[in-house]
Amino acid sequence: MKILLANPRGFCAGVDRAIDVVELALQIYDTQLYVKHAIVHNDHVVQRLEEKGVTFVEHVDEVPTGGRVVFSAHGSPPSDYAKAKELGLDVIDATCPLVTKVHLEARRYAKEGYTIILVGHRGHVEMRGTMGEALEQTHLVESAAEVDALQLPSDTKIAVLTQTTLAVDDTRETLAEIKKVFPQAVLPPASDICYATTNRQAAVKKLAAQCELIIVVGSKSSSNTNRLVDVAQAQGATAHRVNSVQEIDPAWLQDVQTVGVTSGASAPDDLVQEVVRWLQQHGGDEPTLVTAVDEQVWFDLPSDIKQAAADHGVDTDIVTKHRIGTNQQMKV
């Protein structure tokens with residue numbers, strides 16, 4: 001049985017940066033560290049940080065007055081920052097720069113009097129954060145089918161924004177429908193869907209052209225992981241999401257000649273390597289890398305955490321840049 005390993009896969013630059021922020025904060029400060037929401041949507045990452053003493057909360061007011069809190073990579077609404085200020089919290093912002101970019105666009109369009117159509121998944125934490133920038137002016141749609149239901153006057157100034165982790169093909173369809181119904185709408189730049197989402201979906205398409213089965217490693221809560229499954233299935237491959245190797249059903253391998261393996265942007269690569277080893281133990285060959293794009297992207301740390309590290313004599317190089325490119329290497 002052939003094993004094909006997607007490149008790129010796993011941690012993106014925004015996830016790397018968010019985890020690095022928490023790891024540095026643990027080294028710098030000797031007080032209890034809180035993180036609002038899962039720092040990234042992966043159960044294993046959260047568990048590993050909890051074992052190091054991090055406390056995860058869903059609401060800012062769960063953090064004791066005067067405490068220290070990290071805001072997750074998914075972004076937070078302005079109301080969370082206001083509440084944190086009211087409680088005297090020390091906020092460390094680990095929002096992915098690409099999510100911050102969308103927040104700034106929402107803020108600018110709202111200030112200019114636009115009505116915003118936001119394409120994304122209801123209830124997703126990233127959407128709650130973005131909508132919070134202009135709640136009264138924003139309408140959320142999940143698909144092209146929902147566009148017709150929008151009751152907006154024909155002369156409405158409309159700007160469109162998207163969740164960063166959507167399926168590229170589905171989003172294209174929704175944007176086309178918006179433009180059809182509202183020709184005056186200002187569409188978002190392609191970069192609003194993050195490079196990592198685009199690249200990982202491109203890699204899955206290459207796998208699907210060669211595999212009967214694709215295993216996607218990542219947590220159920222991860223939007224971009226779930227979209228990888230959708231993309232693989234849309235290309236005609238059988239695809240299953242697993243949180244870890246323990247969730248693989250050996251029956252999936254029946255009559256399979258080639259299996260592909262990839263992972264969402266918040267999944268640690270050691271989980272992927274465990275899946276590869278399991279497949280090898282069940283008749284798989286040495287894995288072959290299938291490359292869609294050579295991804296070499298990283299984001300600098302927030303300036304406040306860099307300054308705090310310098311003030312406390314903590315070397316940021318210990319945790320930064322060390323993961324660049326590692327998820328594209330085979331470490332079997």
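## Buried histidines, cores and backbone features of a predicted model

Histidine 44 has a relative accessibility of 18%, so this residue counts as buried, the cut-off being under 20%. The model discussed here is a predicted one, and in it histidine 44 is placed in helix H2. If neighbours within four places in sequence are left aside, the contacts of histidine 44 are Asn243, Ser244 and Leu271.

A second histidine can be described in similar terms. Histidine 37 is situated in the loop between E2 and H2, and because its relative accessibility is 11%, histidine 37 counts as buried. When residues up to four places away in sequence are not counted, histidine 37 touches Phe56, Val57, Glu58, Ser72, His74 and Val125. The C-alpha atoms of histidine 37 and glutamate 105 lie 23 Å apart in space, while the two residues are separated by 68 residues in sequence.

The backbone at histidine 37 also deserves attention, since its phi is positive, at about 70°, although the residue is not a glycine. Which other residue that is not glycine has a positive phi, with a value near 65°? That residue is aspartate 255, which belongs to the loop between strand E10 (238-242) and strand E11 (258-263). With a relative accessible area of 66%, aspartate 255 is exposed, because the threshold for that class is over 50%. A further backbone feature is the cis peptide bond between asparagine 7 and proline 8, where omega is about 5°; proline 8 itself is in the loop between strand E1 (2-7) and H1.

The accessibility values given above are set side by side here.

| Residue | Relative accessible area | Class |
|---|---|---|
| Histidine 44 | 18% | buried |
| Histidine 37 | 11% | buried |
| Aspartate 255 | 66% | exposed |

The interior is considered next. In soluble globular proteins, nonpolar side chains tend to be buried together. The largest nonpolar core of this model has 36 residues, of which Val22, Ile28, Ile39, Val40, Val70 and Ile305 touch the most other members. At least two residues of this core come from each of helix H1 (13-28), strand E2 (33-36), helix H2 (43-51), helix H4 (97-111) and helix H10 (303-311), and H1, with eight residues, gives the most. Isoleucine 39 touches Ala18, Val22, Val45, Leu49, Phe56, Val70, Phe71, Ser72, Ala73, His74 and Ala94, with residues up to four places away in sequence not counted. A second core, separate from the one just described, consists of 19 residues, including Ile248, Val261, Val272 and Leu279.

For the protein as a whole, the secondary structure comprises 10 helices and 12 strands. The radius of gyration is 21 Å, close to the 20 Å that the globule rule gives for 332 residues, and the protein is therefore as compact as a globular protein of that length. Along the principal axes, the C-alpha atoms fill a box of roughly 60 × 55 × 30 Å. Of the 332 residues, 56% count as buried, and among contacts between residues at least 6 apart in sequence, 75% join residues at least 24 apart.

The surface and the charges complete the description. About 14300 Å² of the protein is exposed, and carbon and sulfur atoms supply 49% of this area. The protein carries 30 positive and 45 negative charges, and the mean positions of these two sets are 4 Å apart.

Definitions and conventions
Residues numbered from 1 in each chain as written. Predicted model: local features only at pLDDT ≥ 70, side-chain atom pairs only at ≥ 80, totals over all residues. Heavy atoms only, no water. Core = buried A, V, L, I, M, F, W, Y, C linked by side-chain atoms within 4.5 Å. Buried < 20%, exposed > 50% of the residue type's maximum accessible area, 1.4 Å probe, protein only. Helix = DSSP H or I, 4+ residues; strand = E, 2+ residues; numbered from the N terminus. Contact = heavy atoms within 4.5 Å. Rg over C-alpha atoms; globule rule 2.2 N^0.38 Å. Areas by Shrake-Rupley, 256 points an atom, 1.4 Å probe, with all protein chains shown as cover. Lys, Arg positive; Asp, Glu negative; His and termini not counted. Charge placed at Lys NZ, Arg CZ, Asp CG, Glu CD.
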